[in-house]
Amino acid sequence: MRLFLSSLAIHLIYVQALDIIRNNGVLQIVNKDLSPDGFSRPTVLAGINADSATFPGPLIQGNKGDRFDINVVDSLTDPSMNRTTSIHWHGLFQEHTNWADGPSFVTQCPIAPDHSFLYSFSVPDQAGTYWYHSHLGVQYCDGLRGPFVVYDPNDPQAHMYDVDDESTVITLADWYHPKGFQVLAHGAAVSNATLINGQGRYPGGPDASLAVINVQAGKRYRFRLVSMSCDPNYLFSIDGHNLTVIEADGVSTTPVTVNQIQIYAAQRYSFVLTADQPVGNYWIRANPNTPLFGSQASAPFANGTNSAILRYNGAPNTDPVTAAPPASGVVGINEHLIHPLQNPGAPGKPYPGGATVINMTLGFNAGAFTINNYSFVSPSVPVLLQILSGTQKAQNLLPKGSVYGLQRDQVYEINLIGGTAPGGPHPFHLHGHNFDVIKSFDSPEYNFQNPARRDTTPVAAGQMTTIRFVTDNPGPWFLHCHIDFHLAAGLAVVMAEDISDVKLNDPVPPEWDALCPIYNNLQPDQL
């Protein structure tokens, strides 16, 4: 399934057998029972209609420079889960369209059931691997997540691969048998299954179908690896094959060859795989840092759990018998090895403190996460609406203590101090920007010359991660842990960037103005 959007036309293409169905870019949000691992449960899904909705949602794709018009229709009916929704287009800057960024109560009120909202935005200067997901409560943990790819017709690394299309997108996701709010209430998230391209098995469950990714011997494939995780990070590998990383979070990188990728919630990598092994079947592995419910930590891949299959054309339709490399043979990726291919170098002066510094210390108190002793609680009026209604100072914006005012065209250095926050490393994501990771959590060294540039980076207890970015995109932008259960428990702040210019740079459509009045009149069973 894929959604292709271009500057000339918007098509939703659902491929089933030989049929191709097109429409005008409607993304329907529906409730549906689904059993991707053999266990049936109610879900929240995206599709062109109720029948086609699946997990993950349809692939959205277009080209650098395109405009995207995606009409999200809320057809949710199950009152045991959120019936309202909003969609965030993760990693896309939304320059001049802060109102279309998607996080509920930061840039919009949620979309009400039986209503729709047109997200309309341009992607003038980005290309790479992204994704979309609900940004309301823990709704995306119930299934509302999908991949989003922006292709560059002039990709400077196109000479490195032969194939890059919908067949080379790989999604990783944790899957829960309880509903998301039940997992949140439990306090410690333990997933039942790992789904690779929407398929997987759970310990003690049936032999559900595993995802099969087909390759032809001799060809080079650009695989786009997307972590749609609500919580765990994964150690990803493909038996017998090296992975040459060429992109991190939408930023082309100088190539680096590894055989294992640790990928945190919301991160993405592109890697080139050369199909140069004997024709056969090879295990694809995604081992979560927290063992699956009911599994043995010493046997994470028993009976095909945490697994998919790489199958060469001509190989039999059988399970692989390949083995992962021994620990001594693992070559992994980390941010020290990631360098931007174009325009490397952090903004600001080349020493710690060589920019405007903001310290943010993570903590935990009485069941809630905190940043600088404040836990983020969604305001009743979205931050963007507060700004547009006349608030001109960050200290007047709600929630108190969780909104940081930033001046325009300044270099900011954010020290994310892990403090005592449990459950990490915490993958922190900044909306509206990429940032340079001048200090990673797992190293005391600073890098100002060619640090990793991305939009999501881990922060660990007792350690510090330092990022830098330039405030060249007015609007309120969320900065938060992308473990969704931690975000719901308050691990977030809002960066209110150049408040005085938001009105000029982010004119909102009338449909946006209507979201809050409609939402505020909903009954409890409609929320």
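**Notebook: Asp74, His133 and the cysteines**

I listed the contacts of aspartate 74 beyond four places in sequence and found Ile29, Arg83, Thr84, Thr85, Ile111, Ala112, Pro113, Asp114 and His115. The model I examined is a predicted one. I placed aspartate 74 in strand β7, residues 67-74. I then looked for a charge partner: aspartate 74 is buried without a salt bridge, and arginine 83, the nearest side chain of opposite charge, is 6.4 Å away. I did note that the aspartate 74 side chain reaches the backbone nitrogen of leucine 76 at 2.9 Å.

I turned next to histidine 133, which is in strand β10 (residues 128-134). Its relative accessible area is 1%, so I recorded histidine 133 as buried. Leaving out residues up to four places away in sequence, I found that histidine 133 touches Ser86, Ile87, His88, His90, Tyr140, Leu144, Arg145 and His482.

I then looked up the disulfides and found two. Cysteine 109 is bonded to cysteine 516, with the sulfur atoms 2.1 Å apart. I entered this disulfide as right-handed because its S-S torsion is about 95°. Cysteine 109 is in the loop between β8 and β9 and cysteine 516 in helix α5, so the link ties together parts 407 residues apart in sequence.

For the disulfide of cysteine 141 and cysteine 230 I noted an S to S distance of 2.2 Å. With -120° about the S-S bond, I entered the link of cysteine 141 and cysteine 230 as left-handed. This pair ties together parts that are 89 residues apart in sequence.

In sequence order, I wrote the pairing of the bonded cysteines as 1-4, 2-3. Cysteine 481 is in no disulfide, and the nearest cysteine sulfur, that of cysteine 230, is 11 Å away.

Terms used: Residues are numbered from 1 along each chain as its sequence is written. This is a predicted model: local features need pLDDT of at least 70, side-chain atom pairs count only at pLDDT 80 or more; totals for chains, interfaces and linings use all residues. Side-chain values use heavy atoms; hydrogens and water are left out. Helices (H or I, at least four residues) and strands (E, at least two) are DSSP runs, numbered from the N terminus. Buried means under 20% relative accessible area, exposed over 50%, partly exposed in between (1.4 Å probe, protein chains only). Lys and Arg count as positive and Asp and Glu as negative; His and the chain ends are not counted. A salt bridge is a side-chain nitrogen of Lys or Arg within 4 Å of a carboxyl oxygen of Asp or Glu. A polar contact is a pair of N or O atoms within 3.5 Å; within protein, one must be able to donate a hydrogen and the other to accept it, and residues adjacent in sequence count only if both atoms are side-chain atoms. Contact means heavy atoms within 4.5 Å. A disulfide is a pair of cysteine sulfur atoms within 2.5 Å.
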